[in-house]
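Student: I have a sequence and a model in front of me. How do I begin to read them?
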Amino acid sequence: MRVLVVEDETRMAALLKRGLEEEGYAVDLAADGDEGLFLAMENEYDLVLLDAMLPGRDGYDVCRTLRERRRWAPVLMLTARDGIADRVAGLDAGADDYLTKPFAFAELTARLRALLRRGSTERAPVLEVGDLTLDPAAHSVHRAGQNVDLTAKEFALLELLMRHPGEVLSRTRILEHVWDFAYDPSSNVVDQYIAYLRRKIDKPFDRDDVETVRGAGYRLRAARVAASARV
Ligand code: CA
């Protein structure tokens with residue numbers, strides 16, 4: 001198994017390299033984000049161990065860029081602080097797991113083994129409709145390059161709409177997919193969540209892509225797919 005370690009602190013990097021090699025990993029080191037990105041694009045790694053705080057291009061940026069370039073090697077982020085914001089930023093950037101410094105080496109290798117078992121092949125592809133992107137694996141949504149925070153239900157609702165762009169989805173169908181069969185079909189939970197979603201993905205961007213189709217249900221406008229050509 002080949003691991004890329006991106007870490008600017010030389011002592012830490014040396015420690016990681018030696019420890020991982022003792023565990024039987026082949027280890028390449030990169031001392032900053034640009035070098036890390038270069039090596040990760042050039043080589044096929046089974047794992048990337050990525051320090052969040054790096055000079056120049058930081059770990060979040062490296063991870064996001066790798067995912068944008070369709071590189072799916074599992075990424076374990078090392079963060080300096082145990083802050084929720086740091087962890088969320090890492091996961092939003094497409095990292096698979098994170099570990100807070102300082103950590104026990106045994107925990108690091110346990111996490112790496114778990115990531116290796118998961119592998120890089122089963123990652124769901126990123127959904128794109130116009131300038132909306134949704135990454136089911138990283139559980140992140142972006143519009144026009146901006147991160148959009150959604151609750152679990154809002155996320156599930158948007159994912160359903162994005163899997164069927166331009167298609168009218170009835171309230172019942174939405175209820176069955178996003179909630180469950182037991183949910184009271186007369187409740188207005190779907191309409192409520194459609195409103196929440198509009199408030200987050202449409203209004204701030206001056207859009208109205210989540211359409212109400214009177215008497216039929218809801219539809220995510222797909223016309224923009226053609227209009228906003230993918231870069
Ligand atoms: Ca660092």
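Tutor: We will take the metal site, then one helix residue, then the cores. Keep in mind that this is a predicted model.

Student: Which residues coordinate the calcium ion?
Tutor: For a metal site, look for the donor atoms. Here Asp8 (OD), Glu9 (OE), Asp51 (OD) and Met53 (O) coordinate the calcium ion, at 2.1 to 2.7 Å. Along the sequence, the donor residues follow the spacing D-E-x41-D-x1-M.

Student: Why does Asp8 count as partly exposed?
Tutor: Partly exposed lies between the cut-offs of 20% and 50% relative accessible area. Asp8 has 27% relative accessibility, so Asp8 falls in that class. Glu9, at 40%, is partly exposed too.

Student: Is Asp86 buried or exposed?
Tutor: Asp86 is buried, because its relative accessibility is 14% and buried means under 20%. Asp86 sits in helix 4 (residues 84–92). Its C-alpha atom is 21 Å from that of Trp72, and the two residues are 14 apart along the chain.

Student: Which residues touch the most other members of the largest nonpolar core?
Tutor: Leu158 and Ile174 do, in a core of 28 residues. Elements giving two or more residues to this core include strand 6 (127–129), helix 6 (152–163) and helix 7 (171–178). Apart from this core lies another, of 20 residues, including Leu39, Leu50, Tyr60 and Ala93.

Student: What is Ile174 in contact with, leaving aside its neighbours within four places in sequence?
Tutor: Ile174 is in contact with Leu157, Leu160, Leu169, Trp179, Val190 and Tyr218, once those neighbours are set aside.

Terms used. Residues numbered from 1 in each chain as written. Predicted model: local features only at pLDDT ≥ 70, side-chain atom pairs only at ≥ 80, totals over all residues. Heavy atoms only, no water. Core = buried A, V, L, I, M, F, W, Y, C linked by side-chain atoms within 4.5 Å. Buried < 20%, exposed > 50% of the residue type's maximum accessible area, 1.4 Å probe, protein only. Helix = DSSP H or I, 4+ residues; strand = E, 2+ residues; numbered from the N terminus. Contact = heavy atoms within 4.5 Å. Donors = N, O, S within 2.8 Å, 3.2 Å for Na, K, Ca; no water.
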